[in-house]
Amino acid sequence: MSVPLKDVKIAVIGLGYVGLPLAAEFAKKFPVVGFDISSKRVNELNSGHDFTLEVEDQDLQAVLATKSSKDKGLFNSNNPDDLADCQVYIVTVPTPTDRHNRPVLTPMLKASETIAKYLKKGDVVIYESTVYPGVTEEECVPLLEKISGLTYNVDFFAGYSPERINPGDKEHTVSKILKVTSGSTPEIATYVDNLYREVIVAGTFKASSIKVAEAAKVIENSQRDINIAFVNELSKIFNLLGIDTQEVLEAAGTKWNFLPFKPGLVGGHCISVDPFYLAQKAQEVGYHPEIILAGRRLNDSMGKHVATEVIKHMMRKDLKVIDSKVLILGFTFKEDCPDVRNTRVIDIYTELKNFDIEVDVYDPWANPEEVSHEYGVNIISGKACPPLDEYSGVILAVAHKEFKNLPIEKSNKLVVFDVKAVLDKDKVDARL
């Protein structure tokens, strides 16, 4: 049987936007090893700073511990041997898609291989990464068995508790979001649930099986993706009809059961990725998911739509398009957050470049080196926004707080497009 909770040592595999906040929370009550393959990331965290800004420096520094410490606290390492004396392993690695939108399980499988080398009788491996139903028990567990030589549900056990991190959200932090839990046996389900209850003040919901918990996670973001796709389609229709979409949504929102979704770019590591995981599994069992994939296509078209509308407005003002200059405000996938994973702002940038427009991107939150490495785009960072009178077009793509008070106003020589509808309507040429 598993080690009693009062004696447990936890390993969190993957110290990104999901893993670090969870590790820091558990470290308030348990000894925790935070493992990441990036020595740069580990050194940064051990110095007391988190570049993702998900954990405040003072909160991180308050839970840091040394390798030799036996008490509660967080020790970060990129040496897998430091996992050897842990009894609970929590996997929080990325689950991306490839350029063909097919699920990439490599990080999860590599994490499983690493854990398997140290797996002992009574240990529990819990996965938090978003997957389609069946990945935990059909892909990861066989690897754990093969490499460790142990038998599933006899010698070691598994659980699944989907992450619900919302990057940049300082209100709905990890401990304040209700947690779905599950386990490979009824006893382990209770064990996993009790473990999370130690740190999740919002409470837990114990799912009936690992597959149910996996499915619950993947449909959460798929549902949101489809709803946003609906209002994005409305914005395209109302644009052709000459009606302001935001005003329509405000009027419709007076009904008690109208859902408050808004149009926009859908990027990031969850909403724009998770539906493809569910679609992949559906196709494997012979079903073609119509609505899910239609929603994905619609949302992925919005960057090009924004760029096209900006060019139309430039032409209406008799402004030169080819060799003109346009400024994009924001590059991260959401406001007040440095996360640039799968940002759809790149679609606006690429489409404008296709018209031989000189495009500048200003984002005080994004890391210029990361953006250059991942997207090949050199952005302007720092505190000072470039002078707006240098441009023929300004696109407010991300609603960072720094942008809301900028002196942005349309003119005969400047087109202003507000993707996020945060500027006064009379100061912009168009918005979604």
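Helices (H or I, at least four residues) and strands (E, at least two) are DSSP runs, numbered from the N terminus. With those labels, Asp323 sits in the loop between helix H11 (302-316) and E9, and the tour returns to it below. The model is predicted.

**Whole chain**

Start with everything selected. The chain contains 13 helices and 13 strands. Its C-alpha trace spans about 75 × 50 × 40 Å along the principal axes. The radius of gyration is 24 Å; a compact globule of 432 residues would have one near 22 Å, so the two agree.

Colour by accessibility next. Of the 432 residues, 54% are buried. The accessible surface of the chain is about 19,700 Å², and carbon and sulfur atoms hold 52% of that area.

Then colour by charge. There are 50 positive and 62 negative side chains. The centres of these two sets lie 1 Å apart.

If you draw a contact map, take the contacts with a separation of 6 or more: 69% of them join residues 24 or more positions apart.

**The five-stranded sheet**

Select E9 to E13. These five strands form an open sheet with parallel pairing, in the order E10-E9-E11-E12-E13. Strand E10 (358-362) and strand E13 (430-431) are the edge strands, each pairing on one side only. Strands of a sheet pair through backbone hydrogen bonds, either parallel or antiparallel. Showing backbone atoms is therefore a useful setting for the next stops, given that strands pair through backbone hydrogen bonds.

Go through the sheet from the E10 edge.

- E10 and E9: the two strands run parallel and are joined by five bridges. Select Ile328 and, opposite it in E10, Val361.
- E9 and E11: four bridges join this parallel pair. Leu327 has Val394 in E11 as its bridge partner.
- E11 and E12: this pair also runs parallel, with four bridges. Gly393 is partnered by Val415 in E12.
- E12 and E13: strand E12 (residues 415-418) pairs with E13 in the parallel sense over two bridges. Phe417 stands opposite Ala430 in E13.

Now switch from pairing to burial. Is strand E9 (residues 325-329) largely enclosed or largely open? Four of its five residues are buried, so E9 is largely enclosed by the rest of the structure.

Select strand E11 (residues 393-396) and turn the view to see each face. Both faces are covered. Gly393 and Ile395 are buried on one side, and Val394 and Leu396 are buried on the other. Two of these residues were met above as bridge residues: Val394, the partner of Leu327, and Gly393, the partner of Val415.

**Two loops leading into the sheet**

Return to Asp323, in the loop between H11 and E9. This residue has a positive phi of about 70 degrees although it is not a glycine. Is Asp323 buried or exposed? The cut-off for exposed is over 50% relative accessible area. Asp323 has 56% relative accessibility and therefore counts as exposed.

Move to Asp356, in the loop between helix H12 (345-354) and E10. Asp356 also has a positive phi, about 60 degrees, and is not a glycine. Its relative accessibility is 47%, so Asp356 counts as partly exposed.

**Three helices**

Select helix H1 (residues 19-26). How many of its eight residues are buried? The count is eight of eight, and the helix is mostly covered. The buried set runs from Gly19, Leu20, Pro21 and Leu22 to Ala23, Ala24, Glu25 and Phe26. Glu25 is the acidic side chain to pick out in that set.

Next, select helix H13 (residues 368-375) and pick Ser372 within it. Ser372 has 31% relative accessibility and so counts as partly exposed. What does Ser372 contact once its neighbours within four places in sequence are left aside? The contacts are Val377 and Asn378.

Finish at helix H7 (residues 210-241), which holds Glu220. With a relative accessible area of 25%, Glu220 is partly exposed. Add Lys67 to the selection and draw a distance between the C-alpha atoms of the two residues: the separation is 38 Å. Along the chain, Glu220 and Lys67 are 153 residues apart.

Key:
Residues are numbered from 1 along each chain as its sequence is written. This is a predicted model: local features need pLDDT of at least 70, side-chain atom pairs count only at pLDDT 80 or more; totals for chains, interfaces and linings use all residues. Side-chain values use heavy atoms; hydrogens and water are left out. The radius of gyration is taken over C-alpha atoms; the globule rule is 2.2 Å times the number of residues to the power 0.38. Buried means under 20% relative accessible area, exposed over 50%, partly exposed in between (1.4 Å probe, protein chains only). Contact means heavy atoms within 4.5 Å. Accessible areas come from the Shrake-Rupley method with a 1.4 Å probe; for residues, only the protein chains shown count as cover. The place of a charge is taken as NZ of Lys, CZ of Arg, CG of Asp or CD of Glu. Two strands pair if DSSP finds at least two bridges between them.
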